[in-house]
Amino acid sequence: MEAERRPLRPEELERLKELLLFRKQEVAREDPQSPLLREIEQALLKLARGEYGRCVDCGKWIRIQRLETIPWARRCRTCQERWEMLQAVE
């Protein structure tokens, strides 16, 4: 069964914030110029503004399972796959 797309609960947001902060420390220590560090910082800004968890392309909620795996994800899986195909063509 496919996981539902829904707004994140406060406890989920807190857990994802902790994941992002932990990963930010790791990446900053390894490579302070990493593009991933900028993605994580953008995710933290979205979280602070209450905009975290929505796909930048379709506007739908990103599934919690995806965010737990890639907490800085900007796109839902469907849009990410589409974006990657378009990047490969260019």
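Below, a biologist and a modeller talk through a predicted model of one protein chain.

Biologist: Let's start with the overall build: how many helices and strands does the protein chain have?
Modeller: Reading along the sequence, you meet the pattern α-α-α-α. That pattern fits the totals for the protein chain, which are four helices and zero strands.

Biologist: What radius of gyration does the protein chain have, and what would a compact globule have?
Modeller: The C-alpha trace spans about 40 × 35 × 25 Å along its principal axes. For 90 residues, a compact globule would have a radius of gyration near 12 Å. The value for the protein chain agrees with that, at 14 Å.

Biologist: What share of the residues in the protein chain is buried?
Modeller: A residue counts as buried when its relative accessible area is under 20%. Applied to the 90 residues of the protein chain, this gives a buried share of 31%.

Biologist: And what share of the accessible surface belongs to carbon and sulfur atoms?
Modeller: The accessible surface of the protein chain comes to about 6,400 Å². Of that area, the part belonging to carbon and sulfur atoms is 52%.

Biologist: How far apart are the mean positions of the positive and negative charges?
Modeller: The protein chain has 19 positive and 17 negative charges. Take the mean position of each group, and the two points are separated by 4 Å.

Biologist: Now the cysteines: how many disulfides are there?
Modeller: A disulfide is a covalent bond between the sulfur atoms of two cysteines. To count here, two cysteine sulfur atoms must be within 2.5 Å. By this rule, the number of disulfides is zero.

Biologist: Which cysteine has the nearest sulfur to that of C55, and how far away is it?
Modeller: C55 is in no disulfide, because a pair needs its sulfur atoms within 2.5 Å. The nearest cysteine sulfur to C55 belongs to C79, at 3.7 Å.

Biologist: Is C76 buried or exposed, and which cysteine sulfur is nearest to it?
Modeller: C76 is in no disulfide either, and its nearest cysteine sulfur is 3.6 Å away, on C79. As for burial, the cut-off is under 20% relative accessible area. C76 has a relative accessibility of 3%, so it counts as buried.

Biologist: Let's visit helix α4, where Q80 has its place. Which residues is Q80 in contact with, leaving aside neighbours within four places in sequence?
Modeller: Helix α4 covers residues 77-89. Q80 has a relative accessible area of 16%, so it is buried. Beyond its sequence neighbours, its contacts are R66 and R75.

Biologist: M85 is also found in helix α4. Is M85 buried or exposed?
Modeller: Exposed means over 50% relative accessible area. M85 has 58%, so the label for M85 is exposed.

Biologist: How far apart in space are Q42 and W72?
Modeller: Q42 is found in helix α2, residues 35-49, and is partly exposed at 45% relative accessibility. Q42 and W72 are 30 residues apart in sequence. In space, C-alpha to C-alpha, they are 7.8 Å apart.

Biologist: One last stop: what separates the C-alpha atoms of D31 and E41?
Modeller: D31 lies in the loop between α1 and α2, and its relative accessible area of 36% makes it partly exposed. D31 and E41 are ten residues apart along the chain. The separation of their C-alpha atoms is 14 Å.

Definitions and conventions: Residues are numbered from 1 along each chain as its sequence is written. This is a predicted model: local features need pLDDT of at least 70, side-chain atom pairs count only at pLDDT 80 or more; totals for chains, interfaces and linings use all residues. Side-chain values use heavy atoms; hydrogens and water are left out. Helices (H or I, at least four residues) and strands (E, at least two) are DSSP runs, numbered from the N terminus. The radius of gyration is taken over C-alpha atoms; the globule rule is 2.2 Å times the number of residues to the power 0.38. Buried means under 20% relative accessible area, exposed over 50%, partly exposed in between (1.4 Å probe, protein chains only). Accessible areas come from the Shrake-Rupley method with a 1.4 Å probe; for residues, only the protein chains shown count as cover. Lys and Arg count as positive and Asp and Glu as negative; His and the chain ends are not counted. The place of a charge is taken as NZ of Lys, CZ of Arg, CG of Asp or CD of Glu. Contact means heavy atoms within 4.5 Å.
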